[in-house]
Each structure stands twice: as structure tokens, then as C-alpha cells.
Amino acid sequence: LDRLLEHRLEVTKVLCEDMAASWRGAERAVALQCCVDQGLRACEHLDRSRGFRRTRFWLPRAQQLGGGDAAASAHALAHGGDQAPCSSQAAYLADIVSYLR
């Protein structure tokens, strides 16, 4: 567990640093949210193909039913809706990548 948490911390740090270098402010939030949404779609697709039950790594049902998409959720995030810091989003993306691994 300690190794997993250390790995998660390192991945989060790298994601935030790389994102900070590439994008500023709202662009970073949009790009990171799009990566998260795409990761969630990949998790759901692979889990369903193996017959696994729903996990926290699937898109929320509202987005699955057409109630939103990556661009809409990223736009809301970038313009004041649920302003999550980079480290929080990056940590979640690190969790998704670890789950896919």
C-alpha cells in the first residue's frame, strides 16, 4: 500500500508539473478533465468487456445518458463550477491510470 501511495503521489506531481508547464489556468483544468473523462470511458469499456460490475472509475450515469460530455464538464470546471485544484484532479487521473494498469 505504501508503494502504491508513493507512486500515486509521484504521478500526481508529474501531471501537475507537466500540465502547469503546458497550459495555464482554465486550459489546464479543461485538458485534465478531458483526460479524466477519457480514462473513465476506457475503464468502463474494459470492465464491461470482462463482465465486471460498475466501479467508481466509470463515467457518472448522467454523462452516459447524454446529460453531459467531457467538453461540457470541463467547461463548467474551467469557468467556476466545482473548481478542483490541479492536485485533486491529477490524483484522480493517477488512480484511473493505476486501475487500468
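Phe-57, Tyr-92 and Tyr-99 are joined by ring pairs into one cluster. This is a predicted model, so take the geometry that follows as computed from that prediction. A search over the whole structure returns 2 aromatic pairs. In the pair of Phe-57 with Tyr-92, the ring centres are 6.3 Å apart and the planes meet at 20°, so the pair counts as stacked. Phe-57 sits in the loop between H2 and helix H3 (61-64), while Tyr-92 is in helix H5, 35 residues apart, and the pair therefore links distant parts of the chain.

The other pair is Phe-57 with Tyr-99, also stacked, at 4.6 Å centre to centre and 25° between the planes. Here again distant parts of the chain are linked, with Phe-57 in the loop between H2 and H3 and Tyr-99 in helix H5, 42 residues apart.

On exposure, Phe-57 has a relative accessible area of 8%, under the 20% cut-off, so Phe-57 is buried. Tyr-92, at 26% relative accessibility, counts as partly exposed. Tyr-99 is partly exposed too, with a relative accessible area of 32%.

What else does Phe-57 touch, not counting residues up to four places away in sequence? Besides Tyr-92 and Tyr-99, the list has Leu-40, Cys-43, Glu-44, Asp-95 and Ile-96. Two of those names, Asp-95 and Glu-44, come back when I get to the charges.

Next, the core. The largest nonpolar core has 14 residues, and those touching the most other members are Leu-32, Val-36, Leu-40, Phe-57, Ala-90, Leu-93 and Ile-96. Two or more residues come from each of H1, helix H2 (25-50) and helix H5 (86-100). Which of these elements gives the most to the core? That is H2, with 5 residues. As background, nonpolar side chains in soluble globular proteins tend to be buried together.

Thr-12 is a polar residue to look at here, and its place is in helix H1. Thr-12 counts as buried, because its relative accessibility is 9%. Leaving aside neighbours within four places in sequence, Thr-12 is in contact with Ser-87, Ala-90, Ala-91 and Ala-94. Ala-90 is also on the list of core residues that touch the most other members.

Now the charges. The whole structure has 3 salt bridges. In one of them, Asp-95 pairs with Arg-8, and the closest N and O atoms are 2.7 Å apart. Asp-95 is in helix H5 and Arg-8 in helix H1, so this bridge ties together parts that are 87 residues apart in sequence.

Asp-95 also forms a salt bridge with Arg-56, the closest N and O atoms being 3.6 Å apart. Arg-56 lies in the loop between H2 and H3 and Asp-95 in helix H5, so the parts tied together are 39 residues apart in sequence. Arg-8, Arg-56 and Asp-95 are thus named as a network of salt bridges.

Are the members of that network buried or exposed? Asp-95 is buried, with a relative accessible area of 16%. Arg-8 is partly exposed, at 32%. Arg-56 counts as exposed, at 52% relative accessibility.

The remaining bridge joins the side chains of Arg-48 and Glu-44, at 2.9 Å from N to O. Both residues lie in helix H2, 4 residues apart, about one turn of the helix. Glu-44 counts as buried, with 11% relative accessibility.

On the outside, Leu-1, Leu-4 and Leu-5 make a nonpolar surface patch of about 340 Å². Leu-1 is in the segment before helix H1 (2-22). At 75% relative accessibility, Leu-1 counts as exposed.

Last, the whole chain. The chain has 5 helices and 0 strands, running α-α-α-α-α from the N terminus on. Of its 101 residues, 31% count as buried. The accessible surface of the chain comes to about 6,700 Å², and 56% of that belongs to carbon and sulfur atoms. Taking contacts between residues at least 6 apart in sequence, 65% join residues at least 24 apart.

To go back to the start: Phe-57 is a member of the ring cluster and is listed among the core residues that touch the most other members. Phe-57 also touches Asp-95, which is part of the salt-bridge network with Arg-8 and Arg-56.

Technical notes: Residues numbered from 1 in each chain as written. Predicted model: local features only at pLDDT ≥ 70, side-chain atom pairs only at ≥ 80, totals over all residues. Heavy atoms only, no water. Patch = residues over 30% accessible without salt bridge, like charges linked within 9 Å, V, L, I, M, F, W, Y side chains within 5 Å. Areas by Shrake-Rupley, 256 points an atom, 1.4 Å probe, with all protein chains shown as cover. Salt bridge = Lys/Arg side-chain N within 4 Å of Asp/Glu carboxyl O. Buried < 20%, exposed > 50% of the residue type's maximum accessible area, 1.4 Å probe, protein only. Core = buried A, V, L, I, M, F, W, Y, C linked by side-chain atoms within 4.5 Å. Contact = heavy atoms within 4.5 Å. Phe/Tyr/Trp six-rings, centres within 6.5 Å; stacked < 30°, edge-to-face > 60°.
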